[in-house]
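Here are some short exercises to work through with the model open beside you. Try each task before reading its solution.

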Amino acid sequence: MMRAATLSSFGPPEVLEETTLKEPQAGPGEVRVRVRAAGVLPFDVRVRGGWTPPFIKREFPMVLGNEFAGVVDQAGEGVTAFAPGDEVLGYSVLGAYAEYLTVPADQIVRKPADMPWEIAAGFPGNGQGAHMALSTVGVEPGDTVLINAAAGGFGTFAVQLALAWGAGTVIGTASERNHDHLRALGAVPVTYGEGLEERVRAIAPDGVDAAVDAAGPEALRASVAVAKNRDRVVTMIATEEAERLGLRDVAGARSAQRLAGLVELYTQGKVTIHLRATHPLAHAAEAHRDVESGHGRGKVVLTVD
């Protein structure tokens, strides 16, 4: 048996409870990973509250979590690229809030020896999300890029990635208490909220070349207003407003190749993750409250001893 943070129903954070489940076994083409850390994403929060996209089965008990880092302890039939003992990070749809999970072997990559478990657990979700969003809008050398909600787990990664890809100026929106954090990342901070369009134009009078939103409808509308080309504006959360505005969707999907590229940037010192908080598996509900608050900077991670 293994420990896991499970849902027996949808609802507030309190529906997350630590229970015991039967350990999964690696099937053909799969590996089983002994999880050391799992990232907590807004996606997880939405599913816990009852949002279930078509690729998620509404079955209980449900184990959330779709980004993780850990050690391979089983390799299924046909798996040759990984063996028990390999330290890896990877992604799934569900299942990471547990001591063990099984995933296809093409959804993991090797973890650098010097990468902390908590940092590694944040790359497969927030890192790949930022990569897909910025790839969709395109980042050219010298571009001015606007990142809304730049101090969060996704935004912090997006700021660093845009700069690593050659952006000349990255404007990041955040509350004033997070402005020093954004400056340390290399971004020009502005306060979000009413008057955002005017504050961005004070920095970029001719507008921004590309914009990525993770704040919501109001910030998305401001992004469109200051963008030179609305085809280079995307949102991670305000999908209904994006549809109303006729904006494109974020393109692409998570892949081992995409993840490996991000890990390489980490080894080069160009991207990392700021940890807002780490919580033990038994405190998954507290971790969800932290993420759901919409405040604070950086990434929230569950640790699995």
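**Exercise 1.** Find which residues are linked into a cluster by ring pairs, and find which charged end sits over the ring of W51.

*Solution.* Start with the rings in this predicted model: F43, W51 and F55 are joined into a cluster by ring pairs. Next, look above W51: the charged end of R46 sits over its ring, 4.0 Å from the centre. Now try the ring of W117, where the charged end of K111 takes up a place over the ring, 4.5 Å from its centre.

**Exercise 2.** Work out how the rings of F10 and F60 are arranged, and which parts the pair ties together.

*Solution.* Begin with the total: there are five aromatic pairs in the structure. For F10 and F60, the ring centres are 5.0 Å apart and the planes stand at 65 degrees; planes over 60 degrees apart count as edge-to-face, so this pair is edge-to-face. Then place the two residues. F10 belongs to the loop between β1 (2-7) and β2 (16-21), and F60 to the loop between α1 (42-48) and β4 (62-63), so the pair ties together parts 50 residues apart in sequence. Finally, check accessibility: F10 counts as buried at 19%, while F60, with a relative accessible area of 38%, is partly exposed.

**Exercise 3.** Do the same for F123 and F157: how are their rings arranged, and are the two residues buried or exposed?

*Solution.* The centres of these rings lie 5.0 Å apart and their planes are at 85 degrees, so this pair is edge-to-face. F123 is in helix α3 (residues 123-137) and F157 in helix α4 (residues 153-164), so the pair ties together parts that are 34 residues apart in sequence. Both F123 and F157 are buried.

**Exercise 4.** Trace the order of the five strands in the open sheet, then find which helix packs on the sheet and touches β9.

*Solution.* Reading across, the order is β11-β10-β9-β12-β13, and the pairing is parallel. At the edges are β11 (188-191) and β13 (233-235); each has a single partner strand, so one side of each lacks a neighbour in the sheet. From one strand to the next, the twist averages 15 degrees. Zoom in on β9 (residues 144-147) and β10 (residues 169-174), which pair in the parallel sense over four bridges; here T144 is opposite T169 in β10. The helix is α3, which packs on the sheet and touches β9, β12 (210-213) and β13. Its direction makes about 150 degrees with that of β12.

Methods. Residues numbered from 1 in each chain as written. Predicted model: local features only at pLDDT ≥ 70, side-chain atom pairs only at ≥ 80, totals over all residues. Heavy atoms only, no water. Phe/Tyr/Trp six-rings, centres within 6.5 Å; stacked < 30°, edge-to-face > 60°. Helix = DSSP H or I, 4+ residues; strand = E, 2+ residues; numbered from the N terminus. Buried < 20%, exposed > 50% of the residue type's maximum accessible area, 1.4 Å probe, protein only. Lys NZ or Arg CZ within 6 Å of the ring centre and 35° of its normal. Pairing = 2+ DSSP bridges. Axes fitted to C-alpha atoms, helices over the stretch in contact; angles between N-to-C directions. Contact = heavy atoms within 4.5 Å.
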